[in-house]
Amino acid sequence: MATMFRSAMFSIFCVAAIGAIVAASPQDFVQQEFVAQKLGAYTYVIPKGILESIYKPDYSRDPNPNPAWPQEAVIRLFVQWPDFSAPPKSSHLDVAKNSLHISLGSLQELPVTSVENIIANRKKNDSKFAMYPAAFGLTELYDRDTGFGWHRYVASPSPTVEFEIVCSPPGPLGGHCQFDVAYAGLRVNVYFWNDHLMHWKDLYENTTRLIGILRK
């Protein structure tokens, strides 16, 4: 129950950089403004242009805070596909559809449910559960929600990494997808428009690369 609560809280906190930083000269990098935030064993030095917010739990108003509740900060980044640069200030739909939200939380406090356990739970609780090959090298997890527009996939960017991608029913302008993955002591959430589902592997690889750049 505590794990489910922590996961739900992280989803709430979660519901630019690689190209820009890598392409920049050392002088350009030094001239940017940064915010430093400790998370777990590392400090992350983040350009202000890609920092959306830092959520720090505050239970001071709760008379009996649960010691199992998260204590670490959650870092939320806002970047632009495909170069992970700072997103332009624009309300244009194309700009919005290229926006990516990346949230970093403590893996110790906010563990990620393994794909093995996700599949086992679905088999146990859903008689319609099945698995089918899908586009873009994914495997679709078919269940009772699939008929209502939800889609769930297993992604495996390497032999040792796999995670679930969840896509919500599309609205008039499209839908969204997200995935949670464990990486370097972090629970990493990536939230994106479903137009970019085909780029799921690049989203994973560029996100982990970005974390390595920010981590000190």
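The following exercises, each with a worked solution, concern the predicted model shown above.

Residues are numbered from 1 along each chain as its sequence is written, and side-chain values rest on heavy atoms, with hydrogens and water left out. Because the model is predicted, local features need pLDDT of at least 70 and side-chain atom pairs count only at pLDDT 80 or more, whereas totals for chains, interfaces and linings use all residues.

**Exercise 1. Overall composition**

Task: State how many helices and strands the protein has, and what part of its residues counts as buried.

Solution. Secondary structure is taken from DSSP runs, numbered from the N terminus: helices are H or I runs of at least four residues, and strands are E runs of at least two. On this basis the protein has six helices and eleven strands. Next, a residue is buried under 20% relative accessible area, exposed over 50%, and partly exposed in between (1.4 Å probe, protein chains only). Of the 216 residues, 42% count as buried. Finally, the exposed area of the protein is about 11600 Å², of which carbon and sulfur atoms supply 55%; the areas come from the Shrake-Rupley method with a 1.4 Å probe.

**Exercise 2. The β1–β2 hairpin**

Task: Describe how β1 and β2 are paired and what connects them.

Solution. Two strands pair if DSSP finds at least two bridges between them. Strand β1 (residues 34–39) and β2 are joined by six bridges and run antiparallel. Within this pairing, Ala36 stands opposite Val45 of β2. The two strands form a hairpin with two residues between them, and Gly40 in the turn has a positive phi of about 65°. After β2 (42–47) comes a loop that leads to β3 (51–55) and contains Gly49. Gly49 is partly exposed, at 49% relative accessibility. In space, its C-alpha lies 8.4 Å from that of Phe78, although the two are 29 residues apart in sequence.

**Exercise 3. The disulfide**

Task: Identify the cysteines that form the disulfide, and give its geometry and setting.

Solution. A disulfide is assigned to a pair of cysteine sulfur atoms within 2.5 Å. The structure holds one: Cys167 is joined to Cys177, with an S to S distance of 2.1 Å. The angle about the S-S bond is 105°, and the link of Cys167 and Cys177 is right-handed. Cys167 belongs to strand β9 (residues 161–167) and Cys177 to strand β10 (residues 176–183), so the pair ties together parts that are ten residues apart in sequence. Cys167 is buried because its relative accessible area is 5%, and Cys177 is buried at 1%.

**Exercise 4. Aromatic rings**

Task: Classify the pair formed by Tyr132 and Tyr142 as stacked, tilted or edge-to-face.

Solution. Rings of Phe, Tyr and Trp (its six-membered ring) pair if their centres lie within 6.5 Å; planes under 30 degrees apart are stacked, over 60 edge-to-face, and the rest tilted. The structure holds six such pairs. For Tyr132 and Tyr142 the centres are 6.2 Å apart and the planes stand at 75°, so the pair is edge-to-face. Tyr132 is in strand β6 (residues 130–133) and Tyr142 in strand β7 (residues 139–142), ten residues apart. Tyr132 is partly exposed at 45% relative accessibility, and Tyr142 is partly exposed at 33%. Elsewhere, ring pairs link Phe163, Phe179, Phe192, Trp200 and Tyr204 into a cluster.

**Exercise 5. Helix α6**

Task: Compare the span of helix α6 with the expected value, and name buried residues in it.

Solution. The expected span is 1.5 Å times one less than the number of residues. Helix α6 (residues 200–214) has 15 residues and reaches 21 Å from its first C-alpha to its last, close to the expected 21 Å. Its buried residues include Trp200, Leu203, Tyr204, Thr207, Leu210, Ile211 and Leu214. An α-helix has 3.6 residues a turn, so residues three or four places apart point the same way.

**Exercise 6. Unusual backbone geometry**

Task: Locate the cis peptide bond, and give the phi values of Phe84 and Ala184.

Solution. Most residues other than glycine have a negative phi, and most peptide bonds are trans. A cis peptide bond joins Trp81 and Pro82, with omega of about 10°. Pro82 is in the loop between β4 (74–80) and α4 (93–97), and Phe84 lies in the loop between β4 and α4 as well. Phe84 has a positive phi near 60° and is buried, with a relative accessible area of 0%. Ala184 has a positive phi of about 50° and is found in the loop between β10 and β11 (186–193). Ala184 is partly exposed, at 37%.
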